Amino acid sequence: MIPVLMTLLLFSSRAIAAEKTVDFERDIAPILKNRCLGCHQDRVRQGGLALHSAVEVRKGGESGEIIDPGDPDSSYLIDLITAYDGVAEMPQEAAPLTTDEVQAFRSWIKQGAHWPENLVLQPPVLWSLRTLTQPPVPTVTQTSADFPIRNPIDAFVAARHQLAGVQPAPPASKRTLIRRLYLDLTGLLPTPEEVAEFIADEDPRAYEKLVDILLASPHFGERWGRFWLDLARYADSDGYLGDSMRPHAWVYQEWVIQAINDDLPFDQFSIEQLAGDLLEKPTDAQLIATGFHRNTLSNTEAGVDLELYRTKELVDRVNTTGMVWLGFTLGCAECHDHKHDPISQKEFYQFYSFFNNADDSSVKVSHDWDMAEYQSKQKQWEPAYEKALTSLQKFEKSDLTADQKAEITKTLEKYKRSSDLKKISTFYETKQPGWDKLYSQLESLLKTRPSPPATRAPTFKERTKDRRDTFVHVRGIYNQHGEKVDPGTPAVLPEFNAGEPLRDRLDLARWLFQENNPLTARVAVNRIWQHLFARGLVATPNDFGTKGEPPTHPLLLDWLAAEYKSQNWSRKSMIRLIVMSSTYRMSSAANASPVQHDVNNQLLWRQNSYRVEAEIVRDIHLTASSLLDRTIGRRGIRPPLPAFVTDVGRSVKWPATEGSARYRRGMYIVFKRTVPYPMLMTFDAPDATVSCSRRERSNTPLQALTLLNGPLFFESAQALGKLMWEEYQDDLPAATEEMFLRCFSRSPAPREQEYLNAAYADLLYLAENNQAKTKSAEDPQLTALIQLARIVMNLDEFITRD
């Protein structure tokens, strides 16, 4: 009985719906525009199907016709959009159409599927492609006492709070704020003295003054330069099986650090990297900047198809440029038209054409420190050489008979013609015992003679002769040429200078920063926000297309993007604006104001707490233990590699860096692509094979084991424990206070102090017993403090940015 009743009700509902005439433009067109045309229109035809015009709808797609006018039950379209068990085949990766929407299509088809003549539907403009204008700052009538409106950022965020009925978290403490700022702006920890000075400073501008000091720090360029190097897929080797070293790649890294410290405007910063060689009378620095795209993988193995791997490098340059500056996945159009975004395969190769005539080059660079190092090594080498040379010359002048001299001269002439030094040495030794030893000593010294610096930074140079033509690669196959193309950009974006032809990379770089380009500023400012909150306003920083996440605060994103441009693309000014806001200064405590429907904090009702990046994990250990070598830039360092790495194969071992240089920052560790430094990879450093816009953050037992047993981390604990022993001896409370201030910028809580006291007592007991057994000369108190430092440095709070 019930099935019969349901059937009758179904027919009844259809009959009622059929009585109402469906208006295509009112009832059907909006659904097609908003739910269907993203994947089925003139430029993008998934399954060969387009739904933007009556002609295309009648054609159907690869599966045949989709509409049978007058008969919805026989129309394939209805099967595609009808949900079964809550899932419909279309639209893909989105919520199914509602029952009313499906019924509207059924009624439309039943009434003949009328489509007004000459009406062509246009897909909705993607949010990221809309014209960028600076929206007005909202007027917020009520604010939390803990959340004062310090600048427009707070007004936008507070407006969302009020709309969602969310109470923001209280402001973070001054101790938390100084540690947060140091980690975010320099990647280092404040000293206990700097913390005490900030806490005691009652000037209302104390926080602002601290921000300005950190923005002016030379370590700011290191911290924010590392972010950019992720995008640039920077490494010190070629990659692939050969993975030859790039001995002078570090010059580009040094340029990035200096440019960011100098606050080189982001437009100029970008133009120089994309096309510095094409500027009028480029400086050496502008040529070095073009090293950005020399960071691609390069296959140097014998016998490889050179043209194949050259095209792979060009494809990577197109993909990287698209993601870094446009937030678009251009690479999806290498083999066919983009399946989701309005980018055709032809447009991909028009973009490819900009890089097709850029050849690898280099420029000689010199550094005062480099020459000073050479001169120092030369001075150390010369005395030993002069001594050996004098001894040999004195020995050669020893008395010989006329016959011996004649025989020696004759034999030497014979051997010199054959350039056989070994035979000469052997002959001398038979005539003058002892000569060979002196000669070998001199020869060995000559082999160790320091060489003057000859640094050549990798750069680009546009070829002027024998220029290459660019063709579409059929199905992405490099040697199957299709249509010939000229340089160009996606038609969905504004033209260059109102229709002027684009000729080269310099035009491309300038096009990116045209006033009417809607993407560049949005993408750039989103990344700045991401580095200060762990998540961008757009959570997919390299994909502003239809498959990317929409912005959580679209008006705030546009306001910031327009503001970035109005501030002459000043990175420091934008960062200063953000960190001065109440939004940035909130506590990260998740229980400060629980919001059950926003567990991911998309409404920005609190700050975010997260583990610092791989290089910073290393840096803060060195900072807290006072081991850090703060030298900026220069060549990379080579920490000792563990045996499990050096035993795996060829080209793995390297001479470990000696002296204080081995304690330089983690960003200076030489990065060999096939054998990256294990500690960095354990903490989720990118592999440098492709551009990385957002690092993952994992949490694994291997990370804890690395911090507990890694040689550098143990050495840092040793150094910290020794400092505490030398300064405080038996004063345990003072020693633990100093440890906490160095590591956490705060004092231990009473309960924590109890645990530390108990742990120290146990450690001291073990150290004393061990000393009695082994007759060790090390003071048991020192041993106990070192082990206590290991405990403190292995607390999760130490590597957490709160």
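Colleague: In which helix do tyrosine 252 and tryptophan 255 lie, and how many residues apart are they?

Modeller: In this predicted model, tyrosine 252 and tryptophan 255 both belong to helix α11, residues 250-261. They are 3 residues apart, about one turn of the helix.

Colleague: What makes tyrosine 252 and tryptophan 255 an aromatic pair, and why is the pair called stacked?

Modeller: The structure holds 29 aromatic pairs. For tyrosine 252 and tryptophan 255, the values are 6.3 Å centre to centre and 20° between the planes. Ring centres must lie within 6.5 Å to pair, and planes under 30 degrees apart count as stacked, so both conditions are met. Both tyrosine 252 and tryptophan 255 are buried.

Colleague: Which residues are linked with them into a cluster by ring pairs?

Modeller: The cluster holds Trp228, Tyr252, Trp255, Phe266, Phe269, Phe292, Trp325, Phe513, Tyr564 and Trp569.

Colleague: Why is serine 217 called buried?

Modeller: Serine 217 has 13% relative accessibility. Buried means under 20%, and therefore serine 217 falls in that class. Serine 217 is located in the loop between α9 (206-215) and α10 (218-231). Leaving aside residues up to four places away in sequence, serine 217 touches Thr186 and Asn261.

Colleague: How do you know that the side chain of serine 217 lies within polar contact distance of histidine 219?

Modeller: A polar atom of the serine 217 side chain lies 3.0 Å from the backbone nitrogen of histidine 219. The cut-off for a polar contact is 3.5 Å, so the distance satisfies it.

Colleague: Why is proline 551 counted as buried?

Modeller: Its relative accessible area is 13%. The limit for buried is under 20%, and proline 551 therefore meets it. Proline 551 is placed in the loop between α21 (520-533) and α22 (554-566). Not counting residues up to four places away in sequence, proline 551 touches Trp127, Leu537, Val538 and Leu557.

Colleague: How many residues separate proline 551 from lysine 465 in sequence, and what is the C-alpha to C-alpha separation in space?

Modeller: Proline 551 and lysine 465 are 86 residues apart in sequence, and their C-alpha atoms are 46 Å apart in space.

Colleague: What makes helix α20 mostly covered?

Modeller: Of the 8 residues in α20 (505-512), 7 are buried. These are Arg505, Leu506, Asp507, Leu508, Ala509, Trp511 and Leu512. The buried residues of α20 pack against α12 (266-275), α14 (306-326), α15 (345-353), β1 (358-365), β2 (455-462) and α21.

Colleague: What makes aspartate 504 a cap of α20?

Modeller: Aspartate 504 caps the N-terminal end of α20, with a side-chain oxygen 3.1 Å from the backbone nitrogen of leucine 506. The polar contact limit is 3.5 Å, so this distance falls within it.

Colleague: What is the volume of the largest cavity, and which residues lie nearest its centre?

Modeller: The largest cavity holds about 250 Å³ of space. It is lined by 18 residues, and Phe227, Gln530, His531, Glu613 and Arg695 lie nearest its centre. The elements giving two or more residues to this lining are α10 and α21, and α10 provides the largest share, 5 residues. By class, the lining of the largest cavity has 5 nonpolar, 3 polar and 10 charged residues.

Colleague: What is the make-up of the lining of the second largest cavity?

Modeller: That lining has 10 nonpolar, 1 polar and 2 charged residues. The second largest cavity has a volume of about 170 Å³. Among its 13 lining residues, Trp228, Leu231, Arg527, Ile528 and Arg571 are the closest to its centre. At least two residues of the lining come from each of α10 and α21.

Colleague: Which helix gives the largest share of the lining of the second largest pocket?

Modeller: Helix α16 (residues 368-396) gives the largest share, 5 residues. The second largest pocket has about 730 Å³ of space. Its lining comprises 28 residues, of which Trp369, Glu373, Lys377, Arg635 and Gly636 are the closest to its centre. The lining of this pocket divides into 12 nonpolar, 6 polar and 10 charged residues.

Colleague: How many helices and strands does the protein have, and what percentage of its residues is buried?

Modeller: The protein has 32 helices and 6 strands, and 52% of its 802 residues are buried.

How values were computed:
Residues numbered from 1 in each chain as written. Predicted model: local features only at pLDDT ≥ 70, side-chain atom pairs only at ≥ 80, totals over all residues. Heavy atoms only, no water. Helix = DSSP H or I, 4+ residues; strand = E, 2+ residues; numbered from the N terminus. Buried < 20%, exposed > 50% of the residue type's maximum accessible area, 1.4 Å probe, protein only. Polar contact = N/O pair within 3.5 Å; in protein donor to acceptor, adjacent residues only side chain to side chain. Contact = heavy atoms within 4.5 Å. 1 Å grid on protein atoms, 1.4 Å probe; cavity = no way out; pocket = protein on both sides within 12 Å on 5 of 7 lines; lining within 4 Å. Points joined across faces, edges and corners; volume = space filled by probe spheres on them. Nonpolar A, V, L, I, M, F, W, Y, C, P; charged D, E, K, R; others polar. Phe/Tyr/Trp six-rings, centres within 6.5 Å; stacked < 30°, edge-to-face > 60°.
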